[in-house]
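Welcome! Let us walk through this structure together, from its inside to its surface.

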Amino acid sequence: QVQLVESGGGLEQPGGSLNLSCTASGTIDSIENMGWYRQAPGKQREWVATVTSNDVPGYADFVKGRFTISRDSAKNTVYLRMDSLKPEDTAVYYCNGNIRSIWYSAFSTYWGQGTQVTVSS
């Protein structure tokens, strides 16, 4: 089995910063892209950022210049540094990874359980 576990969410004031991390574990053979999505109450889940296996990042327009995604491939971990937080960043943040298990030849997308980020004064 493959598992992704997020950590680092919490309550922060507008303009503040938070760091999220997500570690993949289990029967992993290889990991391609890793990324972050978020879902606010009453809204659909939306893409936030992705980093490729070659450490090339991509960002949704609404986080460009404020959020930074990175990964430590040796630790199977992806990070999200969130600066200049806004109330509209409040959401459950989910990490995902395109991962090939040792049991299968194809890559599949796995999700973490989510971590709550609340931005409020």
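The paragraphs below look at the core, a residue in a strand and a surface patch.

This is a predicted model, in which local features need pLDDT of at least 70, side-chain atom pairs count only at pLDDT 80 or more, and totals for chains, interfaces and linings use all residues. Residues are numbered from 1 along each chain as its sequence is written, and side-chain values use heavy atoms, with hydrogens and water left out.

Let us start inside. The largest nonpolar core (buried Ala, Val, Leu, Ile, Met, Phe, Trp, Tyr and Cys residues joined through side-chain atoms within 4.5 Å) has 28 residues, and W36, L80, M82 and Y93 have the most contacts inside it. Among the elements that give two or more residues to this core are β3 (18-26), β4 (28-39) and β8 (77-82); strands are DSSP runs of E, at least two residues long, numbered from the N terminus. Leaving out residues up to four places away in sequence, M82 touches G16, S17, L18, L20, R66, F67, Y93 and V117, where contact means heavy atoms within 4.5 Å.

Next, find T77 in strand β8. T77 counts as buried because its relative accessible area is 5%, and buried means under 20%, exposed over 50% and partly exposed in between, using a 1.4 Å probe and protein chains only. Not counting residues up to four places away in sequence, T77 touches S21, C22, T23, M34, S70, R71 and D72.

Finally, turn to I102, in the loop between β9 and β10 (108-111). With a relative accessible area of 48%, I102 is partly exposed.

How values were computed: Helix = DSSP H or I, 4+ residues; strand = E, 2+ residues; numbered from the N terminus.
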